[in-house]
Amino acid sequence: MGRPQALSVYDPIARLYDPWSASVIEDVSFYVDEALAADGEVVELGVGTGRIAIPTALAGVHVIGVDSSPGMLEVCSKRAREAGVAARIDLRLGDLRRPPVEERVPLVTCPFRSYLHLRDDSERLEALGAARELLLPGGRLVFDVFTPSREDIEATHGRWIEREPGIDERAEWDLTAQTLTLSVRGAASESTMTLWWIEPERWHSLLAEAGLDVLACYGWFDRRPFAAGEDSVWIARRS
Ligand SMILES: C[S@@+](CC[C@H](N)C(=O)[O-])C[C@H]1O[C@@H](n2cnc3c(N)ncnc32)[C@H](O)[C@@H]1O
């Protein structure tokens, strides 16, 4: 018998995740368009409940989805069956730093800030290097991350805020450690997770160090160039 999988912070909230993120829709068509343009199979790292993977599969693209939370994968699998796209979504339990993927693909994605679960540059480089390894020559890695603004920190720090009906969220920011400790609670479940942010310049350097050329850094999913906002959306190519 294999070693039991450590519980992910997402497991307790796997059924809360979709209602919690119900209003996050701005990135879906962006990632679906990237998948269609890639013209091949896509690996999504941190696939979660399939918020992006299911619309991608509905658009006709095969997705290999990797996630370290069995609970999130279970929800994704159910959603895929209900949407009639189970045959186009291949879900794999594993760590995005060492994805259980032998295939080589034209596109690897890591949507909705999943790379912020990486705690330091060593983990970031491991993850970026692993994503690069999955790419065919000229293939692309597409992901988004954020760097908080002072205003956001001041507006949210230490307060429970109703994010969706019946779902509250509390952010605790540590400006020195550059961590966000995020708690979410619903009627039946709750969890707390830590996210580590870095500046966009640092992402740029890490991508170069991992052997990925930055083709674009957008400030939003409408592809406006990154200026100085909180969100950054990256398109990098295997050198
Ligand atoms: C913010 S959710 C994003 C889910 C999905 N991509 C979306 O856009 O809704 C982050 C996901 O990354 C997964 N995750 C976090 N750290 C991971 C790791 N080291 N390896 C694999 N998955 C990880 C979590 O389990 C969770 O499903």
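**Ligand and helices in a predicted model**

Visitor: Which atom of the ligand does a backbone N or O atom of leucine 96 lie 2.8 Å from?

Guide: The partner of leucine 96 is a nitrogen atom of the ligand, 2.8 Å from a backbone N or O atom of this residue; polar contacts are pairs of N or O atoms within 3.5 Å. This is a predicted model, where local features need pLDDT of at least 70 and side-chain atom pairs pLDDT 80 or more, while totals for chains, interfaces and linings use all residues. Residues are numbered from 1 along each chain as its sequence is written, and side-chain values use heavy atoms, without hydrogens or water.

Visitor: And what about glycine 46 and arginine 51?

Guide: A polar backbone atom of glycine 46 is 2.6 Å from a nitrogen atom of the ligand. Arginine 51 uses its side chain, with an N or O atom 2.8 Å from a ligand oxygen.

Visitor: Which residues come nearest to the ligand?

Guide: Tyr17, Gly46, Arg51, Asp67 and Leu96 do, out of 19 around it (a heavy atom within 4 Å).

Visitor: New topic: how do α5 and α7 cross?

Guide: Helix α5 covers residues 121–134 and helix α7 residues 200–209; helices are DSSP runs (H or I) of at least four residues. Their axes come within 9 Å and cross at roughly 50°, on a scale from 0 to 180 degrees between N-to-C directions.

Visitor: Which residues of α5 and α7 make the contact?

Guide: Asp121, Arg124, Leu125 and Leu128 of α5 meet Arg202, Trp203, Leu206, Leu207 and Glu209 of α7 (heavy atoms within 4.5 Å).

Methods: Helices (H or I, at least four residues) and strands (E, at least two) are DSSP runs, numbered from the N terminus. A polar contact is a pair of N or O atoms within 3.5 Å; within protein, one must be able to donate a hydrogen and the other to accept it, and residues adjacent in sequence count only if both atoms are side-chain atoms.
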